[in-house]
Amino acid sequence: MKLPKAQEIDFDLDGYINPYLPQSQLHRLPWPISRFLGYRRVPQPEVGNLLVCVWSFIGAFTGLILVMGVFKTSDTIKSHNPPLIVASLGATAILDYQTIQSPLAQPRSSIIGHVLGAIVGVGVTKLFKLRSDFDSLRWVAGAVSTALASVVMGLTNTVHPPGGATALLAAVDPAVDAMGWFFVPLVLIGSLLMLGAALVINNIQRQFPMFWWTPRDVGRKRRPPDIEKTSEVPQESRERRISRAVGLLRENSIVITPDRVVIPDGFMLGLEEKGILEVLRDRLRNPDEYESSVGDRSSTES
C-alpha cells in the first residue's frame, strides 16, 4: 500500500468531534445574558480604532487587576507561593481585549490553549527533573516544552500563542516549577477570570466572542426534505408531502414537481420563463423520454 506524502496528511480533530456537538442555544437565553455571551440578532457594527484602544486599555487593566487580586487574596493559592501573575496572561490580555476578532483570542483557544501549555510544560519539566543535573538542562526543557505545546495546540485546534509562554514558564521559572501540577489549575483560574472580564467589557460596544467552539457547523447535517421520492407513492400522500416541503422552504423559493410548479405570491414570470419551468416539469414527469431523445440527438449529431 502506498503511503501518503507528508504534505497530503491533514488531521482535523473537529471533523470527528463537531458532528456530535449540539447547536448553539444562546438565542434562547434572555437577551441581556445572550448579548454578553456574544450573541447578536444582527452582526455588530465595527467601531473605530480609537474606541478599540480605549476598551482594550480598560479590559487589559481590569482583567489583570482581577487576576492579581484573586492570586493575592486567596489563601489556597498563596499557600503554593505562586508568582504575582502568570506572565503569559499579559499576552492573553492583548488578544482578549485588543484583537478580539482573531481566532486565537476565542474562548476555546484562550482557555484550552493555556491549560494544554501548562500541562505540557509541567509534564516535560518533571521528566527532565529525573536527571540530577536538571538545573543545567532547564533551558533545554523550556525549548522542548514550548515546541511540544505548539504541536498539541495545533492538533487540537486550540492555538493560543501565550500558551507557548505558559509552557516555557513551567520549565524555566523556578517559582513556577516549585508549584508542580498546581500550576495547571492556577493557569485555568487566571484564564477564566480574563475571559469573564472580556465578556463584560468587550460586549459593551463590540462583540465577543465571535464563536465559542468553532465557526463551522456542528451537529449532524439534516437531509433536505424529499418533495417526492417515487411516482409509486399514492397521490394523496404525495400532495401532503409537497405541502409540507413547500412550507419548509423560504417564501422566495420556486418548487418544481412532476405535477406542478409553485411560485411565491406576487412573483411575476414572463412567457419565456414560464416555458422554461414547464419544460423542467415535463422532464421530471417523463425522464425516460427525455433521456431517449437526448440519446437520439447525440447519435444523429455524431
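1. Start with α5 in this predicted model. Seven of its ten residues are buried, so α5 is largely enclosed by the rest of the structure. The buried set is Ser 88, Leu 89, Thr 92, Ala 93, Leu 95, Asp 96 and Tyr 97. Their cover includes α3, α6, α8 and α10.

2. α10, part of that cover, is worth a look in its own right. With 19 residues (183-201) at 1.5 Å a residue, α10 should span 27 Å, and its end C-alpha atoms are indeed 27 Å apart, so the two agree. Its buried residues are Phe 183, Val 184, Leu 186, Val 187, Gly 190, Ser 191, Met 194, Leu 195, Ala 197, Ala 198, Leu 199 and Ile 201. Much of that list steps along the helix, and as background, residues three or four places apart in an α-helix point the same way because there are 3.6 residues a turn. Covering the buried residues of α10 are, among others, α3 (49-73), α4 (75-78), α5 (88-97), α6 (107-128), α8 (161-172) and α9 (174-179).

3. On the annotation side, the unreviewed UniProt entry puts "transmembrane region" at 47-71, 111-128, 140-159 and 179-201. In the model, residues 47-71 are 92% helix and 0% strand, with end C-alpha atoms 34 Å apart. For 179-201 the figures are 87% helix, 0% strand and 32 Å.

4. Now the pockets. The largest has a volume of about 520 Å³. Of its 20 lining residues, Ser 24, Phe 211, Trp 212, Trp 213 and Thr 214 lie nearest the centre. By class, that lining splits into twelve nonpolar, five polar and three charged residues.

5. The second largest pocket comes to about 240 Å³. It has 13 lining residues, with Glu 46, Val 47, Ile 100, Gln 101 and Arg 206 closest to its centre. Here the lining holds six nonpolar, five polar and two charged residues.

6. A few backbone spots to check by eye. Most peptide bonds are trans, and most residues other than glycine have a negative phi. Phe 208 and Pro 209 are joined by a cis peptide bond, with omega about -5 degrees. Pro 209 sits in the loop between α10 and α11 (235-248).

7. Two asparagines also deserve a glance. Asn 81, in the loop between α4 and α5, has a positive phi of about 50 degrees. Asn 81 is exposed, at 59% relative accessible area. Asn 157, in the loop between α7 (134-155) and α8, has phi near 55 degrees, again positive. Asn 157 is partly exposed, with a relative accessible area of 29%.

How values were computed. Residues numbered from 1 in each chain as written. Predicted model: local features only at pLDDT ≥ 70, side-chain atom pairs only at ≥ 80, totals over all residues. Heavy atoms only, no water. UniProt positions renumbered as here; feature names shortened; annotations may be inferred. Helix = DSSP H or I, 4+ residues; strand = E, 2+ residues; numbered from the N terminus. 1 Å grid on protein atoms, 1.4 Å probe; cavity = no way out; pocket = protein on both sides within 12 Å on 5 of 7 lines; lining within 4 Å. Points joined across faces, edges and corners; volume = space filled by probe spheres on them. Nonpolar A, V, L, I, M, F, W, Y, C, P; charged D, E, K, R; others polar. Expected span 1.5 Å × (residues − 1). Buried < 20%, exposed > 50% of the residue type's maximum accessible area, 1.4 Å probe, protein only. Contact = heavy atoms within 4.5 Å.
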